[in-house]
Amino acid sequence: MSNYVERFSTSERILHWIVTCSFFILFLSGLGLYSRLFNGYFNLFGGGQNAILIHKAAGVLFFFTSLNMFLNHKKDVSTFDEDDKQWIEQRGGYLSRDETHFNIGKYNPGQKLFAIFIAVATLILGITGLFIWMPTFFPRWIVQLSLMLHGLMFAGSVMFVVMHIYLATIGNPGTIEAMLYGNIPKSWARKHHPKWYKEVTGESP
Ligand code: HEM
């Protein structure tokens, strides 16, 4: 009997890594546009004009793949049950020195909130990005508001993605295996997502 359980299909993993690559391209090409302080980053793309072109292309890719990723696991991230409430009340046990156990499904509430935030941010970044892309087509106030919202969402997303990367790697050792190989050890699933473990294996955690 296998000691592993499938967590993500190949297509789910490819989609996640396309979202990740486009996010980092957007981040690096957007830095120079965000502030003159970061103009040096344009050199990574062979100059400012190229950086803008690449930013637009990566933006379109990120918009559709990120929303696609959200729609794929909308069912798992958009509902919160009593066990999730307990997790929220105890902040997932991250601030406690005691051993904590929560009866968590496929994603914990922190992951769900992150996924919802990224979906909302993707929509706002995409829509405001379009206004900034064609500034002469729209009233000036819309473009100015878009510039502000685009910058705010950019900063917020970077902050949450940094937290996401920490929690998916050093913060919870072993988690990265799910996104690299698709399978995860049963012991990891029993510990982090016992309710999901029972759903997919039928075994009691
Ligand atoms: C080097 C960068 C990244 C690493 C190492 C990473 C790692 C992971 C891992 C291991 C999971 C699965 C968690 C689990 O099985 O419980 C995951 C899920 C997910 N990732 Fe990433 N990720 C990265 C970048 C990103 C970026 C840039 C985004 C979006 C902008 C993103 C969005 C998501 C979402 C929405 C999920 C599903 C919900 C969740 O686990 O929070 N990831 N990621």
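This briefing describes the fold, the main helices, the nonpolar cores, the ligand shell and two loop residues of the structure above. The model is predicted. The protein contains 9 helices and 2 strands, and 21% of its 205 residues are buried. A ligand is surrounded by 19 residues, and the largest nonpolar core is formed by 6 residues.

**Overall architecture**

- Read from the N terminus, the order of elements is β-α-α-α-α-α-α-α-β-α-α.
- Along the principal axes, the C-alpha atoms occupy a box of roughly 60 × 35 × 30 Å.
- Of the contacts between residues at least 6 apart in sequence, 63% connect residues at least 24 apart.

**Helix H1**

- Helix H1 covers residues 10-34.
- From first to last C-alpha, the 25 residues of H1 reach 35 Å, close to the 36 Å expected at 1.5 Å a residue.
- The buried residues of H1 are Val19, Ser22, Phe23, Ile25, Leu26, Ser29, Gly30, Leu31, Gly32 and Leu33.
- These buried positions of H1 pack against H2 and H6.

**Helix H2**

- Helix H2 covers residues 48-72.
- H2 is built from 25 residues and has a C-alpha span of 35 Å from its first residue to its last, close to the expected 36 Å.
- Ala51, His55, Ala58, Gly59, Phe62, Thr65 and Ser66 are the buried residues of H2.
- The cover over these buried residues of H2 includes H1 and H5.
- An α-helix has 3.6 residues a turn, so residues three or four places apart point the same way.

**Nonpolar cores**

- The largest nonpolar core consists of Val19, Phe23, Ile25, Leu26, Ala58 and Phe62.
- H1 and H2 each contribute at least two residues to this core, and the largest share, 4 residues, is supplied by H1.
- Another core, of 5 residues, lies apart from the largest one and includes Ile184, Ala189, Trp196 and Tyr197.
- Val19, a member of the largest core, is in contact with Phe62, Thr65, Ser66 and Met69 when its neighbours within four places in sequence are left aside.
- Among these partners of Val19, Phe62, Thr65 and Ser66 are themselves buried in H2.

**Ligand surroundings**

- Phe23, Gln111, Ala168, Ala178 and Met179 come nearest to the ligand among the 19 residues around it.
- Two or more residues of this shell are provided by each of helix H1 (10-34), helix H5 (109-133), helix H6 (140-168) and helix H7 (176-181).
- By residue class, the shell comprises 12 nonpolar, 6 polar and 1 charged.
- Phe23 is one of the nearest residues to the ligand and also belongs to the largest nonpolar core.

**Loop residues**

- Asn39 is located in the loop between H1 and H2.
- Asn39 counts as partly exposed because it has 13 C-beta neighbours inside 10 Å, where 12 or fewer would make a residue exposed and 20 or more would make it buried.
- Asn39 and Ser29 are 10 residues apart along the chain, and their C-alpha atoms are separated by 9.6 Å.
- Ser29 itself is buried in H1.
- Arg91 lies in the loop between helix H4 (82-89) and H5.
- Arg91 counts as exposed because it has 12 C-beta neighbours inside 10 Å.
- The phi angle of Arg91 is near 45°, a positive value in a residue other than glycine.

Key:
Residues numbered from 1 in each chain as written. Predicted model: local features only at pLDDT ≥ 70, side-chain atom pairs only at ≥ 80, totals over all residues. Near = placed C-beta within 6 Å. Nonpolar A, V, L, I, M, F, W, Y, C, P; charged D, E, K, R; others polar. Core = buried A, V, L, I, M, F, W, Y, C linked by C-beta atoms within 7 Å. Contact = placed C-beta atoms within 7 Å. Expected span 1.5 Å × (residues − 1).
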